[in-house]
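Dear colleague,

I am handing over the structure we spoke about, and below it I set out what was found in it. Please keep it open beside this message as you read.

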Amino acid sequence: MKIDRILANNPGPFTGPGTNTWLLDDGTGSVVVIDPGPVDSRHATAIYEAIGSRELVAVLVTHTHSDHAPLANPLARDLGVPAVGHARGPQFEPSIRLLDGAVYDVGDLPLRVVHTPGHADDHLCFRAGNVLFTGDHIMGGSSVMVEAMGPYIASLKKLQGTGLERLHPGHGDDMDDPDQVIEWYLMHRMQRHEQILAAIEGGASTINDVVEVVYAEVDSSLHPLAARSVSAHVTLLSDEGRITWQGDHVVAVPDSQ
């Protein structure tokens, strides 16, 4: 098995140094592209050059966000291979849909599909042996924006203790000791969960109010992204019966702790 990374030309506050496009080779020259990224001619050329004379089997996407999937269909058409993912998105149409537990063969290498909703409903991770391509479920050097907190926490626990040895994320550097990384993610989310509840108990009554309290030391340009994760935490807190909505405002339930 051979793994190469090609960095997309889309650095920014939400993408870090850019989207990681991964080339996974089974060791005999059969290869898949994972997360080709946004439509960009320079990045497409870099992918073509990296593939070289090897046999491309498919173009896979972990999820359909605009920094991961839009180049998949054009690349797949140009190279005559399927575009593969969990579901269609604004700029992605899968020719093959993958569900949790499926196996997609890359030559002699079985690539196992793990559905990991939370960052996005359609999010997949791909496992080759004890290596996991994590997309935006886990990122190198930072936490992630979460749209659905309950499913996200369950998806993290789903990977924990399964013998993983290395993580290849959609952004940032590779990570060793996956269980330690996953444990940090879980602890971070639970800490945020309690901070958000404390902010509401202290009088914050809207999502923006909570963001201003909990993310006070974070650059304000990132607050809109933080608001989405706060909203996911608020939904989970409501499901847990620890807070309740009164019109457009949220309040803590007495003795919820």
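Before the helices are placed against the strands, one convention is needed: axes are lines fitted to C-alpha atoms, and the angles between them run from 0 to 180 degrees between N-to-C directions. Please also bear in mind that this is a predicted model.

With that convention, helix α1 (residues 41-51) lies across β1, β2, β3 and β4 (55-60), and runs at about 160 degrees to β1. Helix α2 (residues 72-79) lies across β3, β4 and β5 (83-85), with an angle of about 155 degrees to β4.

The strands under these helices belong to an open sheet of six strands, ordered β1-β2-β3-β4-β5-β6, in which the pairing is mixed. At its edges stand β1 (2-7) and β6 (96-97), each of which has a single partner strand, so that one side of each is left without a neighbour in the sheet. Within the sheet, strand β2 (residues 20-25) pairs with strand β3 (residues 30-34) in the antiparallel sense over four bridges, and tryptophan 22 has isoleucine 34 in β3 as its bridge partner.

A further open sheet, also of six strands, has the order β7-β8-β9-β10-β11-β12 and again mixed pairing. Here the edge positions are taken by β7 (103-106) and β12 (175-176), and because each has a single partner strand, one side of each is left without a neighbour in the sheet. Strand β11 (residues 166-169) and β12 pair in the antiparallel sense over two bridges, with methionine 175 in β12 as the bridge partner of leucine 167.

Turning to helix packing, the axes of helix α3 (residues 149-159) and α4 come within 9 Å and cross at roughly 155 degrees. Angles over 145 degrees count as roughly antiparallel, and α3 and α4 are therefore roughly antiparallel to each other; their crossing is left-handed. On the α3 side the contact involves Met149, Tyr152, Ile153, Leu156, Lys157 and Leu159, which meet Asp179, Ile182, Tyr185, Leu186, Arg189 and Met190 in α4. By class, the residues of this contact of α3 with α4 divide into nine nonpolar, no polar and three charged.

The length of α4 can be checked as well: at 1.5 Å a residue, its 24 residues (178-201) should span 34 Å, and the end C-alpha atoms are 35 Å apart, which agrees. Just after α4, glycine 203 takes a positive phi of about 120 degrees.

For the next pair, the axes of helix α5 (residues 207-214) and helix α6 (residues 223-239) come within 9 Å and cross at roughly 110 degrees, which makes α5 roughly perpendicular to α6. This crossing of α5 and α6 is right-handed. The residues that meet are Ile207, Val210, Val211 and Glu212 in α5 and His223, Ala226, Ala227, Val230, Ser231 and Val234 in α6, and the contact of α5 with α6 has seven nonpolar, two polar and one charged residues.

Finally, strand β13 (residues 243-246) and strand β14 (residues 249-252) pair in the antiparallel sense over four bridges, and the bridge partner of threonine 244 is valine 251 in β14. The hairpin of β13 and β14 has two residues between the strands, and in this hairpin glycine 247 takes a positive phi near 70 degrees.

With best regards

Terms used
Residues numbered from 1 in each chain as written. Predicted model: local features only at pLDDT ≥ 70, side-chain atom pairs only at ≥ 80, totals over all residues. Heavy atoms only, no water. Expected span 1.5 Å × (residues − 1). Parallel < 35°, antiparallel > 145°, perpendicular 65-115°, else oblique. Left-handed = near helix turned anticlockwise from the far one by under 90°. Contact = heavy atoms within 4.5 Å. Nonpolar A, V, L, I, M, F, W, Y, C, P; charged D, E, K, R; others polar. Pairing = 2+ DSSP bridges.
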